[in-house]
Amino acid sequence: MELSKSYDPKKVEEKWYAYWLENSLFQADANSARKPFSIVIPPPNVTGALHIGHALNNTLQDIIVRWKRMQGYDTLWLPGTDHAGITTQNVVEKHLATKDLHRSNLGREEFEKEVWRWKEKSEKVIIHQLQKLGASLDWSRKRFTLDEGLSRAVRRVFVELYKEGLIYRDKYIVNWCPRCKSAISDLEVDHVDMPGKLYYIKYPIIGTDKYVVIATTRPETMLGDTALAVHPKDKGFAWLDGKKALLPLVSREIPIIKDTYVDREFGTGIMKVTPAHDPLDFQAGLRHNLPQILVFDEEGRMNENAGKFKGLDRYHCREELVKELKEKGYLLKMEDYRHSVGHCDRCRTVVEPYLSTQWFVRIKPLAEEALEVVKKGKIKFIPSSWTKTYYEWMTNIHDWCISRQLWWGHRIPVWHCSDCKEIIVEVEEPKQCNKCSSSRIYQDEDVLDTWFSSALWPFSTLGWPEKTRDLERYYPTTLLITGFDILFFWVARMIMMGTKFMKAVPFRTVYFNGLIRDEHGDKMSKSKGNVIDLLEVIDKYGADAVRFTLAVMAAPGVDIPLSEGRMAGYRAFTNKLWNATRFVMLNISPEEDLTSYTKSELTLIDRWMKSRLNTIVNEVNQNLEKFRFHEASHTLYHFIWHEFCDWYIEMTKPHLSPDQASERRRQVAKALLVEILEELVRLTHPFMPFITEEIWQKLPHKGPSIAAAEYPAYKPDAHDEEAEQKLGALMELVTKVRNIRAEMNIPPSRLIDLYLGIKDNLIREFIEEHKVHIINLARVKSLHIAPVLPPIEGCARGVVPHAEIAIPLAGLIDFEVERQRLQKEIARINEDLVALRKKINRKEFLTKAPPEVVADNQERYRSLGERLAKMTDSLRILSNPEKED
């Protein structure tokens with residue numbers, strides 16, 4: 001059997017993904033007798049294509065899913081996409097703008113059709129990307145948050161919550177985005193620290209010749225002021241009792257109230273009250289029965305209540321209003337002032353606190369149960385540090401504004417009667433008003449927050465509200481893998497809705513993956529030009545290399561500094577595995593019937609390899625159980641590259657040679673190589689599915705696919721401590737010789753004379769028995785083994801447990817050239833050590849630098865010190881060769 005000389009992912013990946021689909025290898029069986037394992041994909045938004053962060057999340061999910069499938073579970077990984085209301089609408093509106101179109105030109109129905117067309121196109125791209133990545137999703141169960149079944153579930157939940165009094169409609173201060181022309185939740189607001197101005201404005205006190213000074217960052221909102229407020233304990237303003245103020249430029253009389261919400265440390269200690277444009281002022285206005293005057297419209301322009309400023313943009317109004325305040329003597333001063341400004345996280349527009357009639361979920365009753373299930377351990381968070389954050393948020397939660405002034409999304413299942421003003425809330429569209437029987441009814445214009453439907457994802461996708469077999473078997477799901485950035489947007493709300501409507505948690509474990517950043521730790525963005533294109537890197541390095549890179553860097557709770565260089569490195573790893581397989585195949589003829597063997601026919605090397613593989617199987621399984629993807633990946637990498645390829649294959653080569661081994665020994669060696677390689681590719685399959693399938697299909701195997709093969713399990717009786725210790729000693733000796741060669745700059749092409757002094761008779765006999773491996777692996781011309789080293793001039797020396805090592809250097813290197821090289825290198829290392837010592841001893845560095853940076857620098861200092869010691873020793877040997885005897 002022969003493989004091509006190099007591994008070409010492009011020839012392999014598409015072929016095997018199509019094969020997996022044709023054979024329904026990813027399809028769950030709800031009637032299976034096997035134990036179920038279920039997980040739902042965090043549905044990607046249909047706004048375009050997936051980014052590298054999606055690749056991380058889906059790679060980690062796929063590793064677990066493939067592992068569980070191979071362990072014999074009936075595995076369901078449910079795919080789907082999210083309609084992503086406000087985000088998708090923004091994307092489509094921008095797309096329309098390139099054609100000089102606006103949604104208002106199209107009308108609601110035509111605009112929705114346009115978005116559905118966008119959805120179909122985007123979803124195809126997303127599915128293509130997931131399949132290119134190798135995601136083993138059950139595509140027969142694909143869902144969409146706006147599909148017919150999920151829409152019914154959404155309406156049912158809304159209606160039930162409304163009828164229980166947990167959904168209500170009210171006027172309230174919301175976060176309003178003038179660009180999106182919609183309310184957005186607190187979680188959808190990004191607060192950015194920005195430079196601004198603090199304006200000090202004089203408010204005359206009626207009946208006196210005095211005034212008070214109010215400080216504000218938003219002077220344009222003063223047009224909606226309906227009171228001033230002082231703290232009841234602030235005696236400095238006692239003279240204002242019973243008095244009123246005159247609102248500058250407007251000449252509206254406004255009362256002066258007392259309220260404990262006043263921040264006496266801000267500005268002058270007296271505050272303006274604008275109930276329609278500030279959440280705290282809104283609450284104060286309710287307590288004191290103040291009027292609510294809106295001065296903005298939905299697009300952030302001044303409305304009729306702004307008088308002469310009507311029609312101006314809010315910022316233009318600020319300029320004109322401040323100018324007039326200054327002209328009329330009302331502006332005392334302006335100061336530079338940094339403050340936190342809320343931005344819409346979708347379009348980056350500055351949001352306005354805005355009085356609006358909206359729909360809300362009364363969230364406290366739902367949050368209490370969701371808090372309790374985590375406290376009782378029914379749901380486990382990994383890393384566990386997120387549990388405290390969850391507790392804090394759920395304890396201080398506010399009612400959830402669920403209505404959005406958009407056209408794309410789940411239309412709120414509420415109808416209004418034009419005649420009697422009755423509100424009708426039903427799952428199905430009513431024909432007439434249930435109060436006055438009028439047929440003049442119309443549906444509420446608003447749609448639901450996109451997270452409302454996403455909150456139902458774990459059970460709505462399985463068929464709820466119908467009692468389906470999938471729902472019965474796969475809910476609660478076993479696991480959720482998602483980004484920590486949507487803990488509150490999504491995870492908390494799924495827990496609330498799951499415990500409410502299913503009376504059970506939606507999942508038992510939540511693993512939060514980190515965020516991907518560029519190699520310098522900066523956030524990736526198109527404007528910075530540091531974005532990694534998913535399809536591009538898959539095309540360049542292969543899906544397996546991309547997946548393995550992501551897995552090997554996925555330490556829990558840590559962001560990932562990613563570079564293409566790392567992917568290139570793991571592309572080399574796929575080549576290493578391929579070349580090892582090619583070596584095995586070149587030694588096996590297609591018609592060859594691989595023999596069985598007895599335990600007594602195993603050499604020490606075979607016993608060591610089988611024992612080490614068994615240990616690695618145990619480590620990989622244990623790390624996957626703990627979601628330590630990085631450790632499982634590192635374990636596989638080092639075992640395959642070093643122990644299997646660099647040691648076992650190299651030490652097996654003499655056993656494959658007709659000149660050095662018997663026919664029977666060659667047969668056993670071949671059988672073992674195939675057996676170990678086959679188990680190794682099964683162990684690696686969840687991480688690198690494509691190359692392992694290609695290799696496995698070339699090896700003797702049973703079953704249609706490696707994806708359905710049995711995952712290796714640890715066998716306690718397969719551990720061979722004696723073999724591991726003995727071969728470990730041999731490997732340590734070879735490694736020491738290799739290190740000496742490297743330190744003395746002996747060219748790899750030069751064979752050496754090697755002298756070993758071993759006093760212990762048994763160990764000396766063992767080394768004699770296996771000296772062929774030392775000769776091959778350490779590039780030795782002649783090997784001399786004795787109880788004591790003979791006197792040798794000009795040699796490099798080393799020591800390992802039970803053995804002394806000497807390598808004569810004469811004829812191998814140019815002593816003078818090598819001395820000069822070492823002197824230069826020692827000087828350079830000394831310079832680096834001086835600079836590093838200053839750095840790591842500097843108090844400012846130790847206290848202000850991130851702990852990992854401090855640790856990295858300290859480790860580098862230690863490593864350089866070790867290197868300096870070795871080089872100094874090497875220089876001593878070269879400077880005094882005649883004394884090395």
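**Exercise 1. Describe the open sheet that contains S26, and state which strands stand at its edges.**

Solution. The order S27-S26-S29-S28 describes an open sheet of four strands with mixed pairing, where strands are DSSP E runs of at least two residues and helices H or I runs of at least four, numbered from the N terminus, and where two strands pair if DSSP finds at least two bridges between them. The edges are held by strand S27 (780–786) and strand S28 (795–800), each of which has a single partner strand, so one side of each is left without a neighbour in the sheet. Within the sheet, S26 (residues 752–757) pairs with S27 in the parallel sense over six bridges, and Leu 756 stands opposite Ile 785 in S27.

The model is predicted, local features need pLDDT of at least 70, side-chain atom pairs count only at pLDDT 80 or more, and totals for chains, interfaces and linings use all residues. Residues are numbered from 1 along each chain as its sequence is written, and side-chain values use heavy atoms, with hydrogens and water left out.

**Exercise 2. Determine how many disulfides the structure holds, and examine Cys 317 and Cys 401.**

Solution. Taking a disulfide as a pair of cysteine sulfur atoms within 2.5 Å, the structure holds zero. For Cys 317, the nearest cysteine sulfur, that of Cys 177, is 19 Å away. For Cys 401, the closest cysteine sulfur belongs to Cys 344 at 13 Å, which is too far for a bond. Cys 317 is buried (under 20% relative accessible area, with exposed over 50% and partly exposed in between, 1.4 Å probe, protein chains only), at 0% relative accessibility, and Cys 401 is buried at 8%.
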